[in-house]
Amino acid sequence: MIRLPATRPCVAVHALAGVLLLTTAGLGCEPDEGRSPATAFGLEARNNDTSFLSCWMVWETDEPSTSYVEFGVDGYTHYFDDDELVTTHEVAVYGLRPGTEYQFRVSSWTPDGERGVPAMITYRTREVPFSDALLELTT
């Protein structure tokens, strides 16, 4: 991981298997006083080892809150949500295309309806090796 000079919002660049990931919203920053307890920070996109067609969005909040992920290729056209109140958010995102770059925006809400500042990330799904592509198409 490469940390860029401290700016707001803080940014980190990850290189994972030749894929460049950009994360924002407080990664590596000290908590801002007065920020919403539902503000997303430490956002990561993780590969799903069992499929080229999905990934995990993982982030933290200071207080238990809901999880909401918007995503798409050109804008935020799809979403997944989870009403469970947690501080470590892990949302599986399915129905992705292999070798495609997506934009993701994650948000959280506290039980009293306070929305935290969203975090954004760009993520490219893995390419499907030819032999795996045949297996996925036939199952």
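Helices and strands are runs assigned by DSSP, a helix having at least four residues and a strand at least two, and they are numbered from the N terminus. In this predicted model, the chain has one helix and eight strands. Followed along the sequence, these elements come in the order β-β-β-β-β-β-β-β-α. Of the 139 residues in the chain, 40% are buried.

The charged side chains offer a useful way into the structure. Side chains of opposite charge can pair when their charged atoms come close. In this chain, the count of salt bridges comes to three.

One of these salt bridges joins Glu70 and Arg105, with a distance of 2.9 Å from N to O. Glu70 belongs to strand β5, which covers residues 54-72, and Arg105 belongs to strand β7, so the pair ties together parts that lie 35 residues apart in sequence. Is Glu70 buried or exposed? Because its relative accessible area is 14%, and buried means under 20%, Glu70 is buried. Arg105, in turn, is partly exposed at 24% relative accessibility.

Strand β7 also takes part in the salt bridge between Glu101 and Arg124, whose side chains meet at 4.0 Å, N to O. Glu101 lies in strand β7 and Arg124 in strand β8 (residues 119-124), so this pair ties together parts that are 23 residues apart in sequence. Glu101 is partly exposed, with a relative accessible area of 37%, and Arg124 is likewise partly exposed, at 35%.

A further salt bridge is formed by Arg46 and Glu44, with 3.5 Å between the closest N and O atoms. Arg46 is partly exposed at 36% relative accessibility, and Glu44 is partly exposed at 32%.

Charge also appears on the surface in another arrangement. Asp81, Asp82, Asp83 and Glu84 gather there in a patch of negative charge. Of these residues, Asp81 is found in strand β6, which covers residues 78-94. Asp81 has a relative accessible area of 46% and is therefore partly exposed.

The path from β6 to β7 (101-107) runs through a loop, and Thr100 lies in that loop. Where does the side chain of Thr100 have a polar atom 3.2 Å away? The partner is the backbone oxygen of Pro98, which lies at that distance from a polar atom of the Thr100 side chain. Thr100 counts as buried because its relative accessibility is 12%.

Conventions. Residues numbered from 1 in each chain as written. Predicted model: local features only at pLDDT ≥ 70, side-chain atom pairs only at ≥ 80, totals over all residues. Heavy atoms only, no water. Patch = residues over 30% accessible without salt bridge, like charges linked within 9 Å, V, L, I, M, F, W, Y side chains within 5 Å. Areas by Shrake-Rupley, 256 points an atom, 1.4 Å probe, with all protein chains shown as cover. Lys, Arg positive; Asp, Glu negative; His and termini not counted. Charge placed at Lys NZ, Arg CZ, Asp CG, Glu CD. Buried < 20%, exposed > 50% of the residue type's maximum accessible area, 1.4 Å probe, protein only. Polar contact = N/O pair within 3.5 Å; in protein donor to acceptor, adjacent residues only side chain to side chain.
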